[in-house]
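Thank you for making the time this morning. I would like to walk through one structure with you, beginning with a single strand and then widening the view.

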Amino acid sequence: QFNGAPQYGLMAGNSSNTTTKPSDNVPLFQNSMAGNSSNFATRPSDKVPVFQPTVQPSYRPAPNYKNHGAIMKNEAPARIIPISALNPYQGRWAIKARVTAKGDIRRYHNAKGDGKVFSFDLLDSDGGEIRVTCFNALLDRFYEVVEVGKVYVVSRGNLRPAQKNYNHLNNEWEILLENGSTVDLCPDENSSIPTQRFDFRPINEIEDAQNNAILDIIGVVTSVNPCTTIQRKNGMETQKRTMNLKDMSGRSVEVTMWGDFCNREGSQLQGMVERGIFPVLAVKAGKVSDFSGKSVGTISSTQLFINPDSAEAHSLRQWFDSGGRDASTQSISRDITPGASRNEIRKTVAQIKDEGLGMGDKPDWITVKATVIFFKNESFFYTACPNMIGDRQCNKKVTKSTNGNWTCDKCDREFEECDYRYLLQFQIQDHSGTAWVTAFQEAGQELLGCSATELNALKEREDPRFADTMLNCLFQEYLLRLKVKEESYGDERKVKNTAVKVEKVDPSGESKFLLDLISKSSALH
């Protein structure tokens, strides 16, 4: 980090063998901020370009830009090299690349005062990608110059290790522009450098992807849910919208859009699906979540491309229209189709043990209808780090220091206040037996109807509403979506049941589920 300035997360991407090429007949990307996307297609060439390292001639900057930085007298112009050849030990260099993403101006404050920063991503003809960051005076100089979709020659700058918490490009370095840097537009360049680069993963591979992994996916949008407003942990409201994508791997996945994506691409996608048009959607830099199965969500660096003009998109379109629409597909997420049952794998408490659930390499995701019969109320939360890392909260456990502040070992920082998050343990029972269940923040709040911070405040004040909150949930019947997985506790291995979703039993919905179950049973006989 520089002078305590916040790191900036911009457009992310992994290495890729898929590119889209510009065309004179197709508009380039609009001058967009981080998280913006393009809804028009980019036209590829007839063949996917094979990136071969090229040696470019020496480049002399345009006269308008020569005086923007200190240039030594009689210094020869730098030779253009591929992005992949950049390293911190080069004295002089220049790269020629297209801007694939441009971020918002971010402002910060530290001991040296106020500051501002923005970043943009570059892609060259050899397929190399790198992020460029500008602070303060350099931001004033280059922010209006840089436009998404245009090609520039960038020369001079300080190479530093890429901040991988925020920068997901396939490059170990990123560029910090300095006083002697130049960014010169190449107005006649529109064909040799691709407009975008993807590394698409089939949806069935997301099942094995790590939580919080950043990846690119492409699929056909089969359903879009209405937009909802939710309250974040910091009290601010944001919008959320979910949709389903399916592909030829036989799997479908839930994609969650947050913030501006909901009204921008989300509204457009919902309108298309309601008209019977099921578009192909490419998601660049989506974030994997293992909450309630596997799903993919947008972050500030995500880009969405509706009906992109690429080989993968054309292949999906042909497959879907020629029978893929009706092909059997298994969701790797919880079912989000409105009106559909979420109880795809209904189990009893006894079946968790009898069928050896959770003993395999992957967790088992089941739904149990059971009654809550006991809470461990002496310890129902943990003290969590409130620090925001990019677009998410740290949430690691913090401990109280002798000075009264809270210390986070991961962030190596102290805070005057901490966050309180649920670590709730309770016992459930159905007709077959009992089991212990653990619920973290979201599921705990669904069950008790208040946050861990609010419940802890009631306990500290010895408010009778603390006991009432838990008593009101006892001997009530719930549908619990459980993640069942064997874990190690010292030398002992034990199956852990984690609640990821808690809902009160809806008599109407449960009756429909039981009637469907009877119908299926009757059909078998």
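How many of the five residues of strand E6, residues 151-155, are buried? Before I answer, please keep in mind that this is a predicted model, and that everything I say is computed from it.

The answer is five of the five, so strand E6 is largely enclosed by the rest of the structure. If we take the two faces of E6 separately, Val-151, Val-153 and Ser-155 lie on one side and are buried, while Tyr-152 and Val-154, on the other side, are buried as well, which leaves both faces covered.

Let me turn to the partners of this strand. Strands of a sheet pair through backbone hydrogen bonds, either parallel or antiparallel. Strand E2, residues 94-102, runs antiparallel to E6 and is joined to it by five bridges, and within that pairing Ala-97 stands opposite Tyr-152. E6 also pairs with strand E9, residues 182-185, again in the antiparallel sense and over four bridges; here Val-153 has Asp-184 of E9 as its bridge partner. Tyr-152 and Val-153, which we have just met as bridge residues, are both among the buried residues of E6.

A second place to look is an open sheet of three strands, whose order is E24-E25-E26 and whose pairing is antiparallel. Strand E24, at 399-400, and strand E26, at 413-415, stand at the edges with a single partner strand each, so one side of each is left without a neighbour in the sheet. Between strand E25, residues 406-408, and E26 there are three bridges, with the two strands running antiparallel, and one residue pair to pick out on your screens is Thr-407 with its bridge partner in E26, Glu-414.

From the helices I have chosen H6, residues 441-448, in which the buried residues are Gln-441, Ala-443, Gly-444, Leu-447 and Leu-448. Just after H6 comes Gly-449, which takes a positive phi of about 80 degrees.

Finally, the chain as a whole, which has nine helices and 31 strands. Of its 525 residues, 49% count as buried, and the accessible surface comes to about 26300 Å², with 47% of that belonging to carbon and sulfur atoms. As for contacts, if we consider those between residues at least 6 apart in sequence, 66% of them join residues at least 24 apart.

Methods
Residues are numbered from 1 along each chain as its sequence is written. This is a predicted model: local features need pLDDT of at least 70, side-chain atom pairs count only at pLDDT 80 or more; totals for chains, interfaces and linings use all residues. Side-chain values use heavy atoms; hydrogens and water are left out. Buried means under 20% relative accessible area, exposed over 50%, partly exposed in between (1.4 Å probe, protein chains only). Contact means heavy atoms within 4.5 Å. Accessible areas come from the Shrake-Rupley method with a 1.4 Å probe; for residues, only the protein chains shown count as cover. Two strands pair if DSSP finds at least two bridges between them.
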